[in-house]
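Biologist: Hello! Could you take me through one part of this model, the place where the ligand sits?

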Amino acid sequence: MLTIALPKGRIADETLRLFQNIFGSKFSFENRKLIMEDSGFRFLYVKNQDVPTYVLRGAADLGISGLDVLSENEYPLSYLLNLGIGKCDIVVGMKKGHRIDPSSAKIRVATKLENIARNFFATKAMDVDIVKLNGSIELAPLVGLSDAIVDIVETGTTMKENGLEPVEKIMTSTAHLFANQNSFVTRKAEILDLTNRLKEAISGS
Ligand code: PRP
């Protein structure tokens with residue numbers, strides 16, 4: 001049985017829909033259960049940022065994460081497929097009307113994507129004071145905790161509702177399928193078979 005770690009939320013929902021289309025079974029987590037087995041697969045329902053950990057340590061053979069998570073570290077994983085789902089942008093957001101001042105030496109940035117933020121401002125030769133947060137990032141500039149945020153934008157509603165706007169796009173993120181390197185050696189045929197089925201399901205949808 002292959003074990004697959006999924007990130008809670010939209011990517012998990014869309015992935016399970018793909019599995020439904022391919023294997024014709026229900027593929028849904030009951031109530032508050034964090035583990036589910038269906039059609040010879042076991043799924044783990046984990047926090048976004050934790051998916052690579054489950055796969056790196058072999059608790060899951062496969063994982064699905066957005067590029068926002070995967071770009072934060074150079075994980076020794078086998079990357080298999082861009083699923084194209086969970087599309088969002090990673091942007092710099094500031095209070096409406098504000099802009100990045102490239103002549104200023106330092107900027108305070110609230111984010112959970114520390115490395116992406118640091119690398120982005122390094123290209124502008126700006127020093128960045130990272131305020132590491134784990135959620136509700138949009139609040140930080142409103143209460144003077146930071147000058148800007150680096151965060152993901154899907155519909156743009158959260159920023160808009162909080163009087164922020166994207167001022168620069170850093171990258172587009174979509175969800176990728178990856179494997180534990182050891183699993184990919186020992187269970188290569190199974191993993192490649194699933195990868196191909198997913199690829200077909202995506203191109204047919
Ligand atoms: C993400 C992100 C934004 C929001 C963007 O938050 O951090 O807050 O979604 O979506 P929108 O552009 O469609 O409004 P998430 O729901 O993951 O919660 P958290 O970061 O506060 O944990």
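Biologist: Which residues are around the ligand?

Modeller: Happy to help. This is a predicted model, in which local features need pLDDT of at least 70, side-chain atom pairs count only at pLDDT 80 or more, and totals for chains, interfaces and linings use all residues. Residues are numbered from 1 along each chain as its sequence is written, and side-chain values use heavy atoms, with hydrogens and water left out.

Around the ligand are K112, G135, S136, E138, D151, I152, V153, E154, T155, G156, T157 and T158 (a residue is near a molecule if one of its heavy atoms lies within 4 Å of it). By class, this shell holds two nonpolar, six polar and four charged residues (Ala, Val, Leu, Ile, Met, Phe, Trp, Tyr, Cys and Pro count as nonpolar, Asp, Glu, Lys and Arg as charged, and the others, Gly among them, as polar).

Ligand oxygen atoms make polar contacts here (pairs of N or O atoms within 3.5 Å). An N or O atom in the side chain of T158 lies 2.4 Å from a ligand oxygen, and for the side chain of E138 the distance is 2.7 Å. E154 takes part through a polar backbone atom, 2.9 Å from an oxygen of the ligand. On its own the ligand has 500 Å² of accessible area, and the protein covers 70% of that (Shrake-Rupley method, 1.4 Å probe).

Two elements give two or more residues to the shell: strand 9 (148–153) and helix 5 (157–161) (DSSP runs numbered from the N terminus, helices being H or I with at least four residues and strands E with at least two). Strand 9 gives the most, with three residues.

How values were computed:
A polar contact is a pair of N or O atoms within 3.5 Å; within protein, one must be able to donate a hydrogen and the other to accept it, and residues adjacent in sequence count only if both atoms are side-chain atoms.
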